[in-house]
Amino acid sequence: MNAATKFLEQLRNAKVAVVGLGLSGWSTVRYLTNHGVIPDVFDSREQPPISEQQRQALAELSCQFGAFTDDAFVGYDYVIVSPGISLMIPALAKARAQNDNVFCDVELFARVNQKPVLAVTGSNGKSTVVAWLEDFLNRCQLKTVACGNYGVPVLDVVDEDYDVYVLELSSFQLESVSSLQCAAATVLNVTEDHMDRYHSFEDYSRAKNNIYTHAEMCLYNQNDFESKPLLSHENVESFGYIGECHEGTCWQFDPQNQYLYKNGHAIADLDLSKMTGAHNGLNALAVLALSNVLDFDLHANIEHLYAFSGLPHRCKLIAEHRGVQFIDDSKATNIASTQAAIVGLGLNDNIVLIAGGDAKGADISELAESLAGKVKSIVALGQDKEQFLSLLPAGKVLLATSMTEAVSITQSLAKSGDMVLLSPACASIDMFSNFMERGQHFADAVAEVYGSE
């Protein structure tokens with residue numbers, strides 16, 4: 001009996017709770033019941049949205065909907081929590097004080113998975129790296145799936161016949177992961193985010209660093225000290241811009257000639273790629289360094305790196321009217337993501353920036369230093385829009401109440417050669433279901449406002 005089979009047998013004979021019926025919660029319920037584990041199901045909403053098919057799946061399970069009592073999870077052997085639910089709420093804090101087995105679906109995946117894992121976290125760029133890895137490795141004939149915080153839930157694919165799992169992991173997931181074995185893991189960068197959930201930036205950074213705990217190779221950003229492993233590891237590599245190298249293996253990008261280097265030897269040319277911008281040079285390095293731990297010839301397959309064309313809602317040109325480009329970067333849900341877009345695209349005050357939403361407790365003023373010489377005007381919307389007023393001189397920041405109004409305002413601000421960039425630096429949940437819906441509203445507004453021109 002292997003370790004995975006043994007663990008599932010333990011679950012069948014244990015008292016198990018699944019907390020939260022979001023995407024990962026439903027995935028957990030499906031996985032457990034498919035393996036003969038009958039959990040009790042909890043959700044803090046009195047009436048969580050449940051389809052008829054889901055209702056049938058819950059018919060034979062004990063379900064408790066509504067606010068959790070402080071003792072709700074006392075007595076359970078395993079409590080599997082959706083990552084969107086804070087482990088600090090009283091009911092879970094009490095359970096954790098009595099039980100080491102309070103964790104998210106990724107920890108359950110870690111205890112049953114037997115295939116190689118490449119794991120990625122960071123405040124900015126992780127979805128691009130994960131999607132690029134998935135694309136690259138599949139083109140290299142390694143059957144690969146992106147899962148976790150991007151792609152599909154991990155438990156939906158753990159029983160399938162993949163060669164490699166590429167995991168995007170959020171700080172929320174990493175808070176309760178202790179068993180994840182990785183062939184390679186990286187923290188791409190760490191900048192202030194989710195300060196509405198963490199006591200301090202240090203707490204947030206430590207959560208990210210958990211990804212290195214059981215990694216055979218740790219890859220950090222040599223230009224971001226917070227990304228470096230806190231614990232000693234035998235195999236550590238780094239990536240960053242051309243310059244000093246402090247590790248045995250260094251992956252570097254030179255923005256001047258667009259070459260990618262491994263230990264000083266050019267191995268790829270970003271100019272041949274569909275991905276542009278200095279930030280994508282660093283993303284490409286991460287893809288190559290993580291892939292290099294697998295058993296295939298990286299150099300012989302380097303041309304497959306160039307085929308990836310990027311993610312929807314991540315610095316995508318969606319339209320051009322009278323010489324003005326319209327760029328959808330709705331996926332920029334924090335300050336660092338928006339800074340990367342501005343630095344990569346800005347030139348001679350050519351950007352009219354549409355931004356705003358739920359700042360998640362972040363200090364928007366930190367965006368100011370990246371605006372000079374690149375952003376001529378800002379149109380802000382959403383619940384924290386007034387935080388943007390101080391970023392530029394009076395009259396250069398205008399407020400809107402809807403995406404359509406925001407796009408309409410840009411008519412008087414953008415001229416030929418400029419770009420209107422939706423890069424919010426904020427979450428979308430105050431106005432939209434998610435960043436994808438926000439991006440679609442932007443595209444629809446551009447078509448409505450500029451379509452007849």
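What follows is a friendly chat about salt bridges in this structure. This is a predicted model, where local features need pLDDT of at least 70, side-chain atom pairs count only at pLDDT 80 or more, and totals for chains, interfaces and linings use all residues. Residues are numbered from 1 along each chain as its sequence is written, and side-chain values use heavy atoms, leaving out hydrogens and water.

Colleague: How many salt bridges does a search of the whole structure find?

Modeller: Side chains of opposite charge can pair when their charged atoms come close. A salt bridge here is a side-chain nitrogen of Lys or Arg within 4 Å of a carboxyl oxygen of Asp or Glu. Searching the whole structure with that rule gives a total of 11.

Colleague: Which residue meets R12 in a salt bridge?

Modeller: Look in helix α1, residues 3-12, where helices are DSSP runs of H or I with at least four residues, numbered from the N terminus. The partner sits three residues from R12, so about one helical turn separates the two. The N to O distance is 2.9 Å, and the partner is E9.

Colleague: Is D43 buried or exposed?

Modeller: Buried means under 20% relative accessible area, exposed over 50%, and partly exposed in between, using a 1.4 Å probe and protein chains only. D43 forms a salt bridge with R45, and R45 is partly exposed at 37%. D43 has 3% relative accessibility, so D43 counts as buried.

Colleague: Which residues are linked with K376 in a network of salt bridges?

Modeller: One bridge joins an exposed residue at 52% to a buried one at 4%. Their closest N and O atoms are 3.9 Å apart. The residues linked with K376 are K415 and D418.
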